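These are my notebook entries on a few positions that I looked up. For each one I recorded its place in the fold and its exposure.

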Amino acid sequence: MQSHSPIWTLIEEVDPMPLKAAEAAEASDVNFWSCGLHPVTQSTPLQLVVPRVAQYGVDESSLKQFLHATEWMIERGADPHAVAPASCTGVVSLRFEAKESFVEVGHAGKSALSLAVAVRAAMRASQLNRQRPEDYDWTDAMEVLTRLIELFCSVQRAVVERVSVDVSVINMWSRVASAAETHDVEILISSGKVTAHCAVLSAVSPVLSRMLGSEWCREGQLKKIELQETPLSALRLFIDLVYTGSTYEIFPVETALAAFELAHRWQCDGVVNMLERALCRMICEESFEAIATHAVRFELSLLIAACTKFATDSQPIRSQLAKGLLPPALVAMLQGSEGRPPRKKRRRAF
């Protein structure tokens with residue numbers, strides 16, 4: 001990003017739509033989100049969102065937009081644990097002249113996470129010293145800041161190495177995937193078939209590598225794999241992610257879950273991670289039970305954290321929990337257990 005880029009202003013405004021547009025138009029530096037510093041203050045991108053928290057104390061709609069934009073920045077590579085240099089001059093300064101109250105915390109030597117914690121501590125100290133009615137009440141701001149801190153902390157649950165690549169690389173692999181005349185493996189399902197390269201499938205999956213490389217099994221001899229219940233849309237999504245890590249398709253939750261099961265069965269860890277992140281963004285009241293059930297079944301820590309956070313913020317899900325309408329495994333997950341149903345007693349032999 002250039003020093004004059006408007007994206008820094010948009011980061012401070014934490015508005016997801018123009019932020020995404022500016023990033024798409026100007027993202028010339030692939031390390032911007034992970035390594036970029038403000039050209040004037042030397043603050044990290046996520047440090048700039050912390051001061052906005054005071055504006056969202058009572059507006060739930062704006063708060064969700066704020067958290068969504070922050071999650072998007074983290075997905076792009078922004079690190080809540082990246083520390084600003086000692087030369088950083090950024091400051092969180094929240095002042096309310098009419099109330100004669102203020103909080104002021106510097107960015108230097110802090111990460112976005114430690115900055116948010118320090119700002120909340122300063123708010124709490126100000127709250128404890130609140131003696132007059134005209135002193136500002138920080139209760140709502142502290143509550144919202146706690147949700148931001150929880151979001152920053154959740155990043156620790158799934159550390160997956162990701163890098164940005166030039167779009168020409170993705171386009172090249174897309175052309176390779178489309179070169180059907182060079183494909184040497186068929187994946188057959190009831191509604192059709194998809195073809196691919198044996199070398200590519202073997203490289204991403206140890207299961208397929210053994211299956212296709214063996215002369216003693218049917219798949220290895222014929223270079224054909226038969227699947228019984230996988231939908232064609234899920235298989236195509238799986239192949240897209242194998243080759244390019246991306247897709248042009250708009251796919252529903254059911255397709256993502258089916259593709260995830262296939263990737264998990266074949267031990268394609270990269271595709272599993274991609275679909276887990278995609279499912280985190282697809283959680284809603286209608287999809288919650290299906291996604292959360294998969295999160296528990298496959299012990300997906302990132303997805304469990306996302307489902308738990310969504311349930312905490314969702315009145316309909318909290319109501320289902322209170323009425324006992326959720327499956328036992330999801331009840332256990334939301335009550336802070338390991339996210340698995342209680343184990344059955346095992347018979348012991350002597």
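**Entry 1: Val163.** I began with Val163, which lies in the loop between α6 (139-154) and α7 (167-178). I note that the model is a predicted one. I then asked whether Val163 is buried or exposed. Its relative accessibility is 66%, so Val163 counts as exposed, the cut-off for that class being over 50%. I next looked up which residues form a nonpolar surface patch with Val163. The patch is made by Val163 together with Val165, Val169, Met172 and Trp173, and its area is about 430 Å².

**Entry 2: Pro45.** I turned to another loop position. Pro45 sits in the loop between α3 (32-35) and α4 (60-75). I found a relative accessibility of 4% for Pro45, which therefore counts as buried, since that class requires a value under 20%. I also looked up its separation from Trp8: the two residues are 37 positions apart in sequence, and their C-alpha atoms are 7.7 Å apart in space.

**Entry 3: Thr255.** I closed with a helical position. Thr255 belongs to helix α12, which covers residues 253-265. At 8% relative accessibility, Thr255 is classed as buried. I asked which residues Thr255 touches, leaving aside those up to four places away in sequence. They are Ser233, Ala234 and Leu237. With Ser233, I recorded a polar contact of 3.2 Å between the two side chains.

Notes: Residues are numbered from 1 along each chain as its sequence is written. This is a predicted model: local features need pLDDT of at least 70, side-chain atom pairs count only at pLDDT 80 or more; totals for chains, interfaces and linings use all residues. Side-chain values use heavy atoms; hydrogens and water are left out. Helices (H or I, at least four residues) and strands (E, at least two) are DSSP runs, numbered from the N terminus. Buried means under 20% relative accessible area, exposed over 50%, partly exposed in between (1.4 Å probe, protein chains only). A polar contact is a pair of N or O atoms within 3.5 Å; within protein, one must be able to donate a hydrogen and the other to accept it, and residues adjacent in sequence count only if both atoms are side-chain atoms. Contact means heavy atoms within 4.5 Å. Patches are made of residues with over 30% relative accessible area and no salt bridge: like charges are joined within 9 Å, nonpolar side chains (Val, Leu, Ile, Met, Phe, Trp, Tyr) within 5 Å. Accessible areas come from the Shrake-Rupley method with a 1.4 Å probe; for residues, only the protein chains shown count as cover. A salt bridge is a side-chain nitrogen of Lys or Arg within 4 Å of a carboxyl oxygen of Asp or Glu.
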